[in-house]
Amino acid sequence: MSTPHFGRMLTAMVTPFDANGDLDLARAQELAVRLLDQGTDALVVCGTTGESPTVFYDQKMDLFRAVLEAVDGRAKVIANTGDNCTADSVTFSKQVVDLGVDAIMTVVPYYNKPPQEGLYQHFRTVAEAVEVPVVLYNIPGRSVVNMTSETTLRLAHDVENIVAVKEASSDFTQIAEIINGAPAGFEVLSGNDTDTLPMMGLGATGVISVVSHVAGMRFKEMIEAQVAGEHTRALRLHLELLPLMQGLFATANPILVKAGLALQGFPVGGVRLPLVPPTADQTGEIARIMRGVGLLEN
């Protein structure tokens, strides 16, 4: 595995809201520091887990500024800037880069179902408009369209500042093809916590994680064991955390990871519609799982 650009355990940070559903920037800063203290190497701000569809551009700018201030150079900050309109993605990405973020992440355009050539042109246009590293984000479960290994590799070879892809396809044949055909320095990051260990076995460098909000040190230990060649230990840690990694996605993310943080005594507010709070049964089940893996007192 190559030396990673951003570290091995990145966290897709939730966006804290106050009781009125407004951004809680002070809590976002506290959360950023908390995540770094618990093993996170870099932060991905306002991605899917950060409820990007319901955080508007001006609010995202405020959030990026707040996180950059809190991190203060201690770790890299990657801002999610992509949407399903190329022109808007370019304009917003330029504005965000001016804030001083270390990189941007941009997702496969959703809803409009572009063909592979459209994906190539979209990502190339966005990346060539900025001078920071760009992370592609392939998540067909949310964007409907899957970016094929051929398109990802074409971008990796053709566009110098496209340096990584967050792969949430769970298609291990596709993932292996990307890793095998990638140019030197291009890295593949897991987009699903459950896929992290097997993907690292194929040569992925790490993960953009959700479970790291509530089990950062344990998850980092698994990653470091795998890097060190301690594969049996890494597998044991993976299996121990597997019920939690699965349980956090029993309903739409980030509903339950926010509930998990609250259970640990670090509330970050609710979610914005059309997401809804967890049911009592869902909260009870995630509490049971967290107790079972030693993350809550009995």
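I would like to begin with the largest pocket, which holds about 350 Å³ of space, and I should say at once that what we are looking at is a predicted model. Eighteen is a fair number of residues to read out, so let me name those closest to the centre of this pocket, which are Ser-52, Pro-53, Gly-82, Val-107 and Tyr-110, out of the 18 that line the pocket. As for the elements that give two or more residues to the lining, these are helix 2, residues 57–71, and helix 5, residues 140–143.

Let me turn next to Asp-83, which sits in the loop between strand 3, residues 76–80, and helix 3, residues 86–97. Which side chain of opposite charge is nearest to Asp-83? That is Lys-60, but at 6.5 Å, and Asp-83, although buried, has no salt bridge; with the cut-off for a salt bridge set at 4 Å between nitrogen and oxygen, the pair is therefore not counted as one. What the side chain of Asp-83 does have is a polar contact of 2.4 Å with the side chain of Tyr-57, and the side chain of Asp-83 also reaches the backbone nitrogen of Cys-85, at 2.9 Å. Setting aside neighbours within four places in sequence, the residues in contact with Asp-83 are Tyr-57, Asp-88, Ser-89, Pro-109, Tyr-110 and His-122, and you will recall Tyr-110 from the centre of the largest pocket.

A second polar residue I would point out is Thr-151, in helix 6, residues 149–158. Is Thr-151 buried or exposed? Thr-151 counts as buried, because its relative accessibility is 6%. Its side chain makes a polar contact of 2.6 Å with the side chain of Gln-116, and, if we leave out residues up to four places away in sequence, Thr-151 touches Leu-119 and Tyr-120 as well as Gln-116. Between the C-alpha atoms of Thr-151 and Gly-118 there are 9.9 Å in space, with 33 residues separating the two in sequence.

On the backbone, there are a few places to look at with care. The peptide bond from Asn-253 to Pro-254 is cis, with omega near 15°, and Pro-254 is placed in the loop between helix 10, residues 231–247, and helix 11, residues 255–263. Leu-273 and Pro-274 are likewise joined by a cis peptide bond, with omega about 15°, and here Pro-274 lies in the loop between helix 11 and helix 12, residues 280–292. Lys-113, which is not a glycine, has a positive phi of about 50°; Lys-113 is found in the loop between strand 4 and helix 4, and counts as exposed because its relative accessibility is 55%. Ser-170, again not a glycine, has a positive phi of about 60°, and is partly exposed, at 36% relative accessible area.

Finally, the charged side chains: the structure holds twelve salt bridges. One of them pairs Glu-240 with Arg-236, the closest N and O atoms being 3.1 Å apart, and because these two are four residues apart in helix 10, about one helical turn separates them. Arg-218 is linked with Arg-236 and Glu-240 in a network of salt bridges. In helix 12, Arg-288 and Glu-285 are three residues apart and so are also separated by about one helical turn, and their side chains meet in a salt bridge of 2.6 Å, N to O.

Definitions and conventions: Residues are numbered from 1 along each chain as its sequence is written. This is a predicted model: local features need pLDDT of at least 70, side-chain atom pairs count only at pLDDT 80 or more; totals for chains, interfaces and linings use all residues. Side-chain values use heavy atoms; hydrogens and water are left out. Buried means under 20% relative accessible area, exposed over 50%, partly exposed in between (1.4 Å probe, protein chains only). Lys and Arg count as positive and Asp and Glu as negative; His and the chain ends are not counted. A polar contact is a pair of N or O atoms within 3.5 Å; within protein, one must be able to donate a hydrogen and the other to accept it, and residues adjacent in sequence count only if both atoms are side-chain atoms. Contact means heavy atoms within 4.5 Å. On a 1 Å grid over the protein atoms alone, a cavity is a set of points where a 1.4 Å probe fits but cannot get out, and a pocket is an open set with protein on both sides within 12 Å along at least five of seven lines; lining residues have an atom within 4 Å of a point. Grid points are joined across faces, edges and corners, and a volume is the space filled by probe spheres set on the points.
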